[in-house]
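Let's take a walk through a protein chain together. Keep the picture open while you read, and try to find each piece as it comes up.

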Amino acid sequence: MTGGNQLENANPLIYQRQGDRPLTAREQDEDLPDQIDEREIFDLIRSINDPEHPLSLEELNVVEQVRVKVTDDENSVSVAFTPTIPHCSMATLIGLSIKVKLLRSLPERFKVDVHITPGTHASEHAVNKQLADKERVAAALENAHLLEVVNQCLASRS
């Protein structure tokens, strides 16, 4: 939001949500190891609330399954997200929310990379640098107000 409660993108395009993924027999069998894949990561982040609109990141097309890459055997997860407008002031907050959700949800063995889809934001390099810096992310999460906003983005809607 900008000053005076005016939305930066007052009329965003809204996209249809993908349906829930049915579990495979392998996923239902608790005795078999289950590798983490792109759809599982997408399912974790798709319902994150946009900080500016009462919509999910999936509904705003900020996150898409095709922009999620997982290399389970290398313990690597990469998510590219696309802000709704090129000058979105919420881009860092959105990226931080995605990163926090994945850090809280995935085993510690995973290296999580969250970045802006190349060419989609005016401050792409600066935002990506902030999101890649562990100390800056940790410092941001020590800020009580910022942590509260991130937790609101991650809260389930009733």
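Where does Asn-61 lie? Look in the loop between helix H2 (38–45) and strand E1 (68–71), and you'll find Asn-61 there. Before we go on, keep in mind that this is a predicted model. What makes Asn-61 a good place to start is its backbone: its phi is near 65°, a positive value in a residue other than glycine. Asn-61 is also partly exposed, with a relative accessible area of 22%.

Now let's step back and take in the whole chain. The secondary structure adds up to 6 helices and 3 strands. If you trace the elements from the N terminus on, they read α-α-β-β-α-β-α-α-α. The chain has 158 residues, and 39% of them count as buried. What about contacts between parts of the chain that are far apart in sequence? Taking the contacts with a separation of 6 or more, 65% are made by residues 24 or more positions apart.

Next up are the strands. In general, strands of a sheet pair through backbone hydrogen bonds, and they can do so in a parallel or an antiparallel way. Here the 3 strands form an open sheet in the order E1-E2-E3, and the pairing is mixed. E1 and E3 stand at the edges with a single partner strand each, so one side of each has no neighbour in the sheet. On average, neighbouring strands of this sheet are turned by 10° against each other, direction ignored.

Let's see where the mix comes from, one pair at a time. E1 and E2 run antiparallel and are joined by 4 bridges. You can pick out partners across this pair: Lys-69 has Ser-78 in E2 as its bridge partner, and Thr-71 stands opposite Ser-76 in E2. On the other side, strand E2 (residues 76–81) and strand E3 (residues 111–116) run parallel, with 6 bridges joining them. Ser-76 turns up again here, standing opposite Lys-111 in E3.

How does the chain get from E1 to E2? The two strands make a hairpin with 4 residues between them, and Asn-75 in this hairpin takes a positive phi near 55°. So here is another asparagine to compare with the one we began with. Asn-75 is found in the loop between E1 and E2, and at 25% relative accessibility it counts as partly exposed.

Getting from E2 to E3 involves a helix. Together, E2, H3 and E3 make a right-handed β-α-β unit. Helix H3 lies across E2 and E3, and runs at about 160° to E3. Helix H2 lies across E1 and E2, running at about 130° to E1.

Which residues of E1 are on its covered face, and which on its uncovered one? Val-68 and Val-70 are on the covered face, while Lys-69 and Thr-71 are on the uncovered one. Follow those two valines and you come to Ile-41, which is in contact with both Val-68 and Val-70.

Ile-41 deserves a closer look. This residue is found in helix H2, and is it buried or exposed? Ile-41 counts as buried, because its relative accessibility is 0% and the cut-off for buried is under 20%. Leaving aside neighbours within four places in sequence, Ile-41 also touches Ile-36, Val-77, Val-79, Leu-102 and Leu-106. Then there is Ser-105, 64 residues away from Ile-41 along the chain: the C-alpha atoms of these two are separated by 9.3 Å.

Our last stop is a pair of helices. Two packed helices are described by the angle between their axes and the distance between the axes. Helix H3 (residues 91–105) packs against helix H5 (residues 134–142) at an angle of about 95°, and their axes are 12 Å apart. That angle makes H3 roughly perpendicular to H5. From H3, the residues Leu-96, Lys-99 and Val-100 meet Val-137, Ala-140 and Leu-141 in H5. What kinds of residues are in this contact of H3 with H5? They divide into 5 nonpolar, no polar and 1 charged.

Note on methods: Residues are numbered from 1 along each chain as its sequence is written. This is a predicted model: local features need pLDDT of at least 70, side-chain atom pairs count only at pLDDT 80 or more; totals for chains, interfaces and linings use all residues. Side-chain values use heavy atoms; hydrogens and water are left out. Axes are lines fitted to C-alpha atoms, for helices over the stretch in contact, and angles run from 0 to 180 degrees between N-to-C directions. Angles under 35 degrees count as roughly parallel, over 145 as roughly antiparallel, 65 to 115 as roughly perpendicular and the rest as oblique. Contact means heavy atoms within 4.5 Å. Ala, Val, Leu, Ile, Met, Phe, Trp, Tyr, Cys and Pro count as nonpolar, Asp, Glu, Lys and Arg as charged, and the others, Gly among them, as polar. Two strands pair if DSSP finds at least two bridges between them. A crossover is right-handed if, with the strands pointing away from the viewer, the path from the first strand over the helix to the second runs clockwise. Buried means under 20% relative accessible area, exposed over 50%, partly exposed in between (1.4 Å probe, protein chains only).
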